[in-house]
Amino acid sequence: MRSLHIIKIGGNVIDNSENLYHFLKDFTALEGDKILVHGGGKVATQLSETLGIEAKLVDGRRITDIETLRVVTMVYGGLINKNIVAQLQRFGTNAIGLTGADGNFIRTKKRPVKTIDYGFVGDIDSGSINPENISRLLDAGFTPVFCAITHDGEGQLLNTNADTIASALAVSLARLYETTLIYCFEKAGVLHDINDEDSIIRDINPERYQELKEQQIIHSGMLPKLDNAFSAIACGVKSVIIGKSDDLSRLQQKQPFGTRLSN
Ligand SMILES: Nc1ncnc2c1ncn2[C@@H]1O[C@H](COP(=O)(O)OP(=O)(O)O)[C@@H](O)[C@H]1O
Ligand SMILES: CC(=O)N[C@@H](CCC(=O)OP(=O)(O)O)C(=O)O
C-alpha cells in the first residue's frame with residue numbers, strides 16, 4: 001500500500017507570512033503523495049469585523065449566516081487558497097486549489113437546527129467523500145489543497161471545520177493508502193503547560209486523553225482536534241501527529257516531532 005500524508009494548517013500559521021512560507025517550503029520537501037487542508041478562521045474573523053459583521057463561534061464552530069458565508073467563501077476559497085497554491089507552485093509543488101464543490105470531492109449536509117442554529121455549516125457523513133476521485137488527482141501528479149468550503153449537491157455552499165475535513169479525508173483515503181494525518185499549528189505539540197514549549201507530551205492514548213481533559217491540561221480548540229484525531233485512528237488511519245508547522249521537516253529527517261496519538 002502506498003503512503004499518503006494529509007496535513008492540516010490552521011489560522012494562526014496562515015496569518016503569519018513568515019511561518020507560512022517556511023511551512024510550505026517544508027511541505028514541498030516532504031516526499032510522496034500528500035494533501036494539504038487549510039483553515040483560516042482567524043483571517044475570516046478579522047475580515048468580518050472590518051466589514052461590520054459580528055463573528056460568532058460556539059464550541060469552536062462558526063455560526064455562518066448568509067453574510068458570513070459570503071465572507072468565508074471569499075477568504076477560504078479565494079484569498080487564502082489561491083495564495084497557498086501560488087506559493088506552492090513557486091516551490092515546485094503542482095498544487096490544485098479546491099473547495100469540496102470542485103469535482104464533487106466533499107459533499108456535506110447542512111447541520112440540522114437543534115438548540116443552536118449554525119446556519120450554513122456542513123456536516124460530513126460516511127458518503128461525503130469519494131476516495132477514488134481524489135486518488136485520480138494524486139495519480140495525475142497534482143497535490144490537492146482543500147479549503148474549509150463544501151457543498152450540499154443542490155447548489156448550496158457550506159462552511160465546514162477544516163480539522164474535520166482533514167480527519168474525514170484521512171479516514172476515507174485509508175481504504176487506498178497507508179495514511180498519516182498531521183495537524184500543524186503554532187505550538188510544539190500537545191503541551192503539559194501551554195506556556196512551556198518544552199513540555200511536549202510525546203504520546204497520548206484514549207485513557208491518557210481522558211485524564212488530561214479532567215486535569216484541564218487539554219482544553220478549548222485542542223478538544224475537537226483530539227476528538228477528530230482519535231476517531232480517525234479508530235477508523236483505520238495509521239497515525240496522527242499534532243505538531244508545530246515550523247517543525248515539519250523533522251518528519252522527513254525522522255526526528256521526534258510533536259505529539260503522536262495511538263490507540
Ligand atoms: N494542552 C494543550 N497544548 C497545546 N495547545 C492547547 C492545549 N490545550 C488547549 N490548547 C489550545 O488549542 C489551540 C489549538 O486549537 P485551534 O486554535 O483550534 O487550532 P488551529 O490553529 O489549528 O485552528 C492552541 O492555540 C491552544 O490555545
Ligand atoms: C464551521 C466552522 O467553524 N468552520 C471553520 C472553518 C475554518 C477553520 O476551520 O479554520 P481554523 O482551522 O483556522 O480554525 C470557521 O469558519 O472557522
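A residue counts as buried here if 20 or more other C-beta atoms, placed from the backbone, lie within 10 Å of its own. By that yardstick, 44% of the 263 residues of the protein chain are buried.

This is a predicted model, where local features need pLDDT of at least 70, side-chain atom pairs count only at pLDDT 80 or more, and totals for chains, interfaces and linings use all residues. Residues are numbered from 1 along each chain as its sequence is written. As for confidence, pLDDT (the predictor's per-residue confidence, from 0 to 100) averages 97 over the protein chain, with 100% of residues at 70 or more. The model also scores ipTM 0.98 and pTM 0.97.

On overall shape, a compact globule with 263 residues would have a radius of gyration (over C-alpha atoms; 2.2 Å times the number of residues to the power 0.38) near 18 Å, and the chain's 17 Å agrees with that. Its C-alpha atoms fill a box of roughly 45 × 45 × 35 Å along the principal axes.

The chain has 9 helices and 14 strands, taken as DSSP runs (H or I, at least four residues; E, at least two) numbered from the N terminus. Two of the helices, α6 and α8, pack with their axes 9 Å apart at an angle of about 5°, so α6 is roughly parallel to α8 (angles under 35 degrees count as such). Here is who touches whom, with contact meaning C-beta atoms, placed from the backbone, within 7 Å:

| Helix | Span | Contact residues |
|---|---|---|
| α6 | residues 162–173 | D163, T164, S167, A170, V171 |
| α8 | residues 222–234 | P224, K225, N228, A229, S231, A232 |

How values were computed: Chains lettered and ligands numbered in written order. Axes fitted to C-alpha atoms, helices over the stretch in contact; angles between N-to-C directions. Parallel < 35°, antiparallel > 145°, perpendicular 65-115°, else oblique. Contact = placed C-beta atoms within 7 Å. Buried ≥ 20, exposed ≤ 12 C-beta atoms within 10 Å, placed from the backbone.
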